[in-house]
Amino acid sequence: KLWFLRWVREAVVSTQSTGGISRDSVHKRRKTGGKRPIVRKKRKFELGRPAANTKMGPKRIRPVRTMGGNRKFRALRLDTGNFAWASEGATRKARIMDGVYNASNNELVRTKTLVKNCIIQIDATPFRQWYEAHYGVTAGRKKRNEEKTEEEVKKSNHVQRKVDGRKAESKIGQLLDDQFNTGRLYACVASRPGQSGRCDGYILEGRELEFYLKKIRMKKSK
């Protein structure tokens, strides 16, 4: 029984190795179009692995042993990430709400797949709270016009002077300000979820935000 099980295991491994994903160039033709003779078998260093296809959901990460004993982290499910607000120099952990645009494939938007450089929507609450604490001004025109019913936290004179001094610099772009009213911000994923196991990125603003809003509108109009 033992030898039979060992033989079955070796047979399965051999079929997987021959029928697996390969990144070699041995099978490719010459520049002139002629076929090249294959003089060797596949090598371990030429292997490829299936795509992670990271989806939105409770965090689920699997480590993968790679060449040299190193490790990659396959993110199968992610629901949060660290996002930077570049113009303000602030970074906060935010919840991923939705996937809205992908330049490479619309199918990745439909299936809510998280990949590098995809455009997503994140929760605006952590950044709105930071903005209010830092500048003493509410982000978003609607909320700014509403009467404040909550009691303000008392601050020392020193802290109050610092906050008042920052108010002159508290200017947000019109498009970004409108997003704070909806409670969601557009962000771009800068990390590689299938390699690092993280979904980190930055908030879109300025010309880049205008560009992607135009792309999203064009996609909806089709």
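These notebook entries record what I looked up about the strands of this structure, which is a predicted model.

**Entry 1: the faces of β4**

I began with strand β4, which spans residues 80-85. I asked which residues make up its covered face. They are Gly81, Phe83 and Trp85. Thr80, Asn82 and Ala84 belong to the uncovered face.

**Entry 2: β4 and β5**

I next looked up how strand β5, residues 90-101, is joined to β4. The two strands run antiparallel, with 6 bridges between them. I noted one facing pair: Asn82, from the uncovered face of β4, stands opposite Lys93 in β5. I then examined the link between the strands and found that β4 and β5 form a hairpin, with 4 residues between them. Within the turn, Gly89 has a positive phi of about 65°.

**Entry 3: β4 and β8**

I also looked up the pairing of β4 with strand β8, residues 201-203. Do these strands run parallel or antiparallel? They run parallel, and 2 bridges join them. Phe83, listed above on the covered face of β4, has Gly201 as its bridge partner in β8.

**Entry 4: the sheet of β1, β3 and β2**

I then turned to an open sheet of 3 strands and recorded their order as β1-β3-β2. Its pairing is mixed. I asked which strands lie at the edges. They are β1 (55-56) and β2 (60-65), each of which pairs on one side only.

Strand β3 covers residues 71-78. Its pairing with β1 is parallel and comprises 2 bridges. I closed this entry with one partner pair: Met56 is bridged to Leu78 in β3.

Note on methods
Residues are numbered from 1 along each chain as its sequence is written. This is a predicted model: local features need pLDDT of at least 70, side-chain atom pairs count only at pLDDT 80 or more; totals for chains, interfaces and linings use all residues. Side-chain values use heavy atoms; hydrogens and water are left out. Buried means under 20% relative accessible area, exposed over 50%, partly exposed in between (1.4 Å probe, protein chains only). Two strands pair if DSSP finds at least two bridges between them.
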